[in-house]
Amino acid sequence: MLRIVVCVSGGGTNLQAILDAIDNGTITNTQVMAVVSNNAGAKALTRAENHGIPGLLMSPKEYADRAAFDQAFTEKMVELNPDLIVLAGFLVKIPEQMVEKFSNRIVNIHPSLIPSFCGVGYYGLKVHEKVLERGAKVTGATVHFVNEGMDEGPIIAQKAVYVQQDDTPEVLQRRVMEEAEWILLPQAIDDIANGRIVVADGKVRYI
Ligand code: GRF
């Protein structure tokens with residue numbers, strides 16, 4: 001059984017997709033142990049509570065400085081010791097010490113086709129704004145392992161989504177979620193839970 005912790009900052013629709021997929025058997029051999037949020041008001045915490053899953057607040061704002069937060073956050077994760085940490089719209093940079101301790105055990109969903117429209121400053125609606133500004137015709141979502149870089153770890157899965165002529169950032173964000181994110185992330189978790197993925201030479205291979 002893959003024991004996962006899901007980290008969220010906002011609406012938590014990706015968290016919901018994971019919970020639904022576990023309930024309907026799309027994801028097997030997986031249990032959500034806890035949901036972590038840096039934002040006490042996150043709707044994602046209510047979604048966790050409705051599912052009887054413990055919610056944990058972990059906000060840099062509650063600590064004297066970033067180093068204190070990084071240490072506390074890492075210690076909490078080590079204590080929980082999940083098999084996999086899933087970043088599902090989590091707007092806090094993962095401390096390097098945590099990345100080291102959970103090597104190839106942290107995954108993130110990013111709402112573009114990496115290496116396009118990713119890295120510092122590319123988060124939330126901003127990603128979709130930049131896609132539209134550039135006039136790109138195809139975008140999508142990527143699930144990847146987290147390393148010390150920003151959106152740079154081994155790519156697990158990607159799904160393309162067409163941009164439409166009259167898209168607004170909000171409309172495009174929604175389409176990327178519906179057509180890519182909510183499918184891709186549960187699929188990746190199921191693949192990991194069922195041992196279908198290995199990382200070799202910095203790349204993901206399906207076995
Ligand atoms: C998603 O677009 C995700 O890819 C990005 O942040 C958004 C989170 O949405 N990293 P939600 O909280 O899952 O609704």
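This is a walk through the predicted model above, from the whole chain down to a handful of residues.

Before starting, note that local features here need pLDDT of at least 70 and side-chain atom pairs count only at pLDDT 80 or more, while totals for chains, interfaces and linings use all residues. Residues are numbered from 1 along each chain as its sequence is written, and side-chain values use heavy atoms, with hydrogens and water left out.

Let's begin with the overall build. You'll find 6 helices and 9 strands in the chain; these are DSSP runs numbered from the N terminus, with helices being H or I runs of at least four residues and strands being E runs of at least two. The radius of gyration is 16 Å, close to the 17 Å that the globule rule gives for 207 residues, so the chain is as compact as a globular protein of that length. (That radius is taken over C-alpha atoms, and the rule is 2.2 Å times the number of residues to the power 0.38.) Along the principal axes, the C-alpha atoms fill a box of roughly 50 × 40 × 40 Å.

How much of the chain is tucked away? Buried residues account for 48% of the 207, where buried means under 20% relative accessible area, exposed means over 50%, and partly exposed is in between, using a 1.4 Å probe and protein chains only. The accessible surface comes to about 10,200 Å², and carbon and sulfur atoms own 48% of that; the areas come from the Shrake-Rupley method with a 1.4 Å probe, and for residues only the protein chains shown count as cover.

Contacts (heavy atoms within 4.5 Å) tell you how the chain folds back on itself. Taking those with a separation of 6 or more, 63% are between residues 24 or more positions apart. On the charge side, there are 19 positive and 25 negative side chains, and the centres of the two sets lie 2 Å apart. Lys and Arg count as positive and Asp and Glu as negative, without His or the chain ends, and each charge is placed at NZ of Lys, CZ of Arg, CG of Asp or CD of Glu.

What about the cysteines? A disulfide is a covalent bond between the sulfur atoms of two cysteines. A search of the whole structure turns up 0 of them, going by a cut-off of cysteine sulfur atoms within 2.5 Å. Cys7 is buried, at 0% relative accessible area, and Cys118 also counts as buried, at 18%.

Now for single residues, starting in helix H3 (residues 66–80), where Thr74 sits. Thr74 counts as buried at 4% relative accessibility. Beyond its neighbours within four places in sequence, Thr74 makes contact with Pro95, Gln97, Met98 and Lys101.

Further along, look at the loop between strand E5 (106–110) and helix H5 (125–134), which holds Pro115. The peptide bond joining Ile114 and Pro115 is cis, with omega about 15°. Phe117 belongs to the loop between E5 and H5 too, and its phi is near 50°, a positive value in a residue other than glycine.

Next comes helix H5, home to Leu132. Leu132 is partly exposed at 26% relative accessible area. Leaving out residues up to four places away in sequence, Leu132 touches Val163, Asp167, Thr168, Pro169 and Leu172. Its C-alpha is 37 Å from that of Met77, a residue 55 positions away along the chain.

Val163 turns up again in the list for Val138, which lies in strand E6 (residues 138–145). Not counting residues up to four places away, Val138 touches Leu113, Ala160, Val161, Tyr162 and Val163. With 37% relative accessible area, Val138 is partly exposed. Tyr122 is 16 residues from Val138 in sequence and 17 Å away in space, C-alpha to C-alpha.

Helix H6 (residues 169–193) carries Ile183, which counts as partly exposed at 35% relative accessibility. Setting aside neighbours within four places, Ile183 is in contact with Lys159 and Glu178. Ile183 and Asn147 are 36 residues apart in sequence, with 23 Å between their C-alpha atoms.

Finally, which way does Asp201 go, buried or exposed? Asp201 lies in the loop between strand E8 (197–200) and strand E9 (203–206), and at 79% relative accessibility it counts as exposed. Asp201 also has a positive phi, near 50°, in a residue other than glycine.
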